[in-house]
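Got your viewer open? Load the model and follow along, one selection at a time.

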Amino acid sequence: MTRLERINELARKAKTVGLTEEEIAERDVLRREYVNAVLGNVRQQLDNTYVVDEQGNKRKLGEKGGEQG
């Protein structure tokens, strides 16, 4: 069973019969892992994103006027 499937299973159970303390803790850990994975994927995608201005200059997203990373 994947992490997302287990999260969904716990969500369904929470809506119907409720969760035990152990299941609540498991759900919280799984949710945090899932969110961290999604954020990591977004950061990686943005790290590989470039912007081309009107003059054709290519620069990494986040370089102008702010910190990168």
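Is R27 buried or exposed? R27 counts as buried, because its relative accessibility is 17%; buried means under 20% relative accessible area, exposed over 50%, and partly exposed in between (1.4 Å probe, protein chains only). Before going further, some ground rules: this is a predicted model, where local features need pLDDT of at least 70, side-chain atom pairs count only at pLDDT 80 or more, and totals for chains, interfaces and linings use all residues. Residues are numbered from 1 along each chain as its sequence is written, and side-chain values use heavy atoms, with hydrogens and water left out.

Keep R27 selected and add D28. Their side chains meet in a salt bridge at 3.7 Å, N to O; the term stands for a side-chain nitrogen of Lys or Arg within 4 Å of a carboxyl oxygen of Asp or Glu. D28 counts as partly exposed, because its relative accessibility is 40%.

Now select residues 21-47, helix α2. Helices are DSSP runs (H or I, at least four residues), numbered from the N terminus. α2 has 27 residues and reaches 39 Å from its first C-alpha to its last, close to the 39 Å expected at 1.5 Å a residue; that expected span is 1.5 Å times one less than the number of residues. E23, R27 and L30 are buried in α2, and what covers the buried residues of this helix includes α1 (3-16).

Next stop: E23. This residue is buried, with a relative accessible area of 13%. Leaving aside neighbours within four places in sequence, E23 is in contact (heavy atoms within 4.5 Å) with L10, K13 and G18. The E23 and K13 side chains meet in a salt bridge of 2.6 Å, N to O. That pair links distant parts of the chain, with E23 in α2 and K13 in α1, 10 residues apart. Show T20 too: its backbone nitrogen lies 2.9 Å from a polar atom of the E23 side chain.

Hop to E33 and R3, whose side chains meet in a salt bridge at 3.6 Å, N to O. Here E33 in α2 and R3 in α1 are 30 residues apart, again linking distant parts of the chain. Then pick R6, E9 and E26, which are linked in a network of salt bridges. The structure holds 5 salt bridges.

Last, turn on the surface and select L4, Y34, V35, V38, L39, V42, L46 and L61. They form a nonpolar patch with about 590 Å² of accessible area together. Areas come from the Shrake-Rupley method with a 1.4 Å probe, and for residues only the protein chains shown count as cover. Patches are made of residues with over 30% relative accessible area and no salt bridge: like charges are joined within 9 Å, nonpolar side chains (Val, Leu, Ile, Met, Phe, Trp, Tyr) within 5 Å. Helix α2 gives the largest share of this patch, 6 residues.

Technical notes: Helix = DSSP H or I, 4+ residues; strand = E, 2+ residues; numbered from the N terminus. Polar contact = N/O pair within 3.5 Å; in protein donor to acceptor, adjacent residues only side chain to side chain.
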